[in-house]
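Here are a few exercises to work through with the coordinates open in your viewer. Try each one yourself before reading the solution.

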Amino acid sequence: MPEEKTFYLTLEGLEKLKKEYSDLKNLKLSKTKGEVPSIWESEDLNPEYLSFQEDLSFLESRISELEYILKNAKVIKNPPKEKQSVISLGAKVTLEDSEGRINEYMVVGTLEANPNEGKISSESPIGKILLGHKTRDQIFVTSPIKVAYRIKKIKYQSC
Amino acid sequence: MEKNLNFFIEINKLKDMERTGLTWLGVKNPETVAEHTIICAFAAWVLGRLNNLNAGRLIKAALSHDLCEVYSGDMTPFWGILPEEKKARKEFLKRWICLPVKEKEARNRERFSTEKKCLLKLTGSLGKKTEKEILNSWLDYEKRFSREGKFARQVDQIEGMLEAIYHLGKNKRAWVTPWWEEAEETIDDKILLDFLKVIQKKFYGKKLKNYRQLQDILDFILEIWKVKKMARHYWNLRHVKKPETVAGHIFTLTIMAWVLGRKKKLNMEKLLKMALCHELSAVYTGDTTQYDSVLPKNLAGREKILKKMLRMTQKEKQRIFLRDFRQEKKSLEKLTRKLMPSLRREMLQLWREYRTRSSREGYFLSQLNVSAVLLQGLLYEKKDKNFSSAPLWEWAFEISDDPAVCNLLREMKKKFC
């Protein structure tokens, strides 16, 4: 188990994890009893994920991992209006580089990060750099050659 | 078994498939998908130990993550957006991808669906349980279902970046920039973030203290890098053009062990680790063959000997075994000397069990290894009629008695002879 830490999640992400936890508990119970779990019939579950959970050893470790996460979870809330010009968790950020190319990220907690979809973790180097900056600030990505971006827009999803 | 054999033949294509990103930049002989996979598996195992992650799950995620490329090809993140014109394309590749979130999401969905279809096409004939296990490992990597899947994905990114630094060199920083940009977007694991710092220190002179363990792991990974560039000596002796590398061979054997070992109720994690380690000594000894000490200097004499399996007395065999065993042990001890003591002991023990066939996993793997060599020989023979696999058949039939391996040999005979 990782060292004690807080997991920042969107409300949607937290609900998803809670549901996953209760589904997995049911799945484990059914497996122990040797029954066909009723959650297989549910339509809103990700069949890929359920197939993955068939591995009992993973099922158990995932359940205890989820218990730990849920115990230490904190919901990301939009900052008050006057602070929405500053990047914090949950912000969708539009960046422009020196050649006018536009890049976009959404800064999320580590559990919801998926850089392929533009959702970057607040614990990644770029996530860390972005946090706390305002529109029109210039930021530098810290790779061996510094890449400069201007922050064009910061947006928070309406709750 | 016929379906398993077809699967092994298909995945063999990954040993010739060069990674696209570096090829676009004009790099000659970049790593192949198979070679990349093997170093990813090693790096995930060694680095994952610092996070107490499940090594078996990590290795499986790494092994499965690019299997779909047998049919999808190496689909880099730049797919579909690169300019056709060479110069413009090269310029474009100097930077990482900049796109709106919506577009990134749509592209990711499309890539995922294509790759999943390709993976299912590849594994569909392996039988439900094996297919599911490979699919689940791939999904773990793709969707980051477990801590291991997430970690393996980040390690994959680091391996690609190290390969870029290896080829493009620290003096061409601009070309490596997109790999760094991607890493700084992707990596958020604490150990791996520190590992990035260690890489910066190694290649760009960044000042750094107190990362001794990670520096040693980086040195270990850069040492085993050599097996990606080391052609198998036996194929060189047999005049094969562009032969598989040691890493390519490790790839075939590890996947074969995964698929065939499942049904034997062996300790799968141990078996996979053993397959990864079985040729590591080559880093310092070079890739050796049993012919090395008996081949004469004149070409005609050499060819005559290589056409047949070596015939030796028991005493000679023992002498050669002991000599090789000592050399390989020395090499492995040198290679692992800076690793964590428990990991070092484990690697040495796995190798010893393989070499002496002193465990069920070692016994099975040593036989499967010969089948992997034979399969490669048969594929060369198919391409070049002057090449004969006869000595490999002799070797395989002499050494094999495991039912699964014997079945595989029978199937190879049916298919190729």
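**Exercise 1.** Which residues lie nearest the centre of the largest cavity, and how many residues line it?

*Solution.* Keep in mind that this is a predicted model.

- Step 1: Start at the middle. B:Met75, B:Thr76, B:Pro77, B:Trp96 and B:Glu182 lie nearest the centre, and the full lining runs to 39 residues.
- Step 2: Trace the lining back to secondary structure. In chain B, helix H2 (20-24), H7, helix H8 (128-143), helix H9 (147-168) and helix H10 (173-186) each give two or more residues.
- Step 3: Sort the lining by class, and you get 16 charged, 14 nonpolar and nine polar residues.
- Step 4: Put a volume on it: about 900 Å³. A search of the whole structure turns up three cavities of 30 Å³ or more.

**Exercise 2.** Find which residues line the second largest cavity, and work out which element gives the most to that lining.

*Solution.*

- Step 1: List the chain A residues in the lining: A:Ala113, A:Asn114, A:Pro115, A:Ile120 and A:Ser121.
- Step 2: Now do chain B, which brings in B:Arg144, B:Lys150, B:Arg153, B:Gln154, B:Glu185, B:Thr186 and B:Asp188.
- Step 3: Map these onto elements. E5 of chain A supplies at least two lining residues, and so do H9 and H10 of chain B. H9(B) gives the most, with three residues.
- Step 4: Check the chemistry and the space. The lining has five charged, four polar and three nonpolar residues, around a volume of about 70 Å³.

**Exercise 3.** Describe the interface of chain A and chain B, then explain why the pair B:Glu105 and A:Lys119 joins two chains.

*Solution.*

- Step 1: Count the contacts. On the chain A side 45 residues take part, against 39 on the chain B side.
- Step 2: Get the area. The two chains bury about 3,700 Å² between them, with 51% of that on carbon and sulfur atoms.
- Step 3: Look for specific pairs. There are 17 residue pairs in polar contact between chain A and chain B, counting pairs with both residues at pLDDT 80 or more.
- Step 4: See where the chain A side comes from. Helix H2 (47-52), helix H3 (56-71), strand E3 (91-97), strand E4 (102-108), strand E5 (119-121), helix H4 (125-130) and strand E7 (147-156) of chain A each give two or more residues. By class, that side splits into 19 nonpolar, 13 polar and 13 charged residues.
- Step 5: Turn to the salt bridges. The whole structure has 47 over all chains. B:Glu105 sits in helix H7 (residues 101-123) of chain B while A:Lys119 sits in strand E5 of chain A, so this pair joins two chains. Their side chains meet at 3.7 Å, N to O, inside the 4 Å cut-off for a salt bridge. Across this interface the rule finds two salt bridges.

**Exercise 4.** How many residues line the second largest pocket, and which helix gives the most to the lining?

*Solution.*

- Step 1: Count the lining, which comes to 37 residues; B:Gln290, B:Asp324, B:Arg355, B:Trp395 and B:Ile399 lie nearest the centre.
- Step 2: Assign helices. Those of chain B that supply at least two residues include helix H14 (233-237), helix H20 (341-356) and helix H22 (390-399). H19(B) gives the most, with seven residues.
- Step 3: Finish with class and volume. The lining has 16 nonpolar, twelve polar and nine charged residues, and the pocket's volume is about 1,200 Å³.

Terms used:
Residues numbered from 1 in each chain as written. Chains lettered and ligands numbered in written order. Heavy atoms only, no water. 1 Å grid on protein atoms, 1.4 Å probe; cavity = no way out; pocket = protein on both sides within 12 Å on 5 of 7 lines; lining within 4 Å. Points joined across faces, edges and corners; volume = space filled by probe spheres on them. Helix = DSSP H or I, 4+ residues; strand = E, 2+ residues; numbered from the N terminus. Nonpolar A, V, L, I, M, F, W, Y, C, P; charged D, E, K, R; others polar. Contact = heavy atoms within 4.5 Å. Buried area = accessible area lost by both parts, 1.4 Å probe. Polar contact = N/O pair within 3.5 Å; in protein donor to acceptor, adjacent residues only side chain to side chain.
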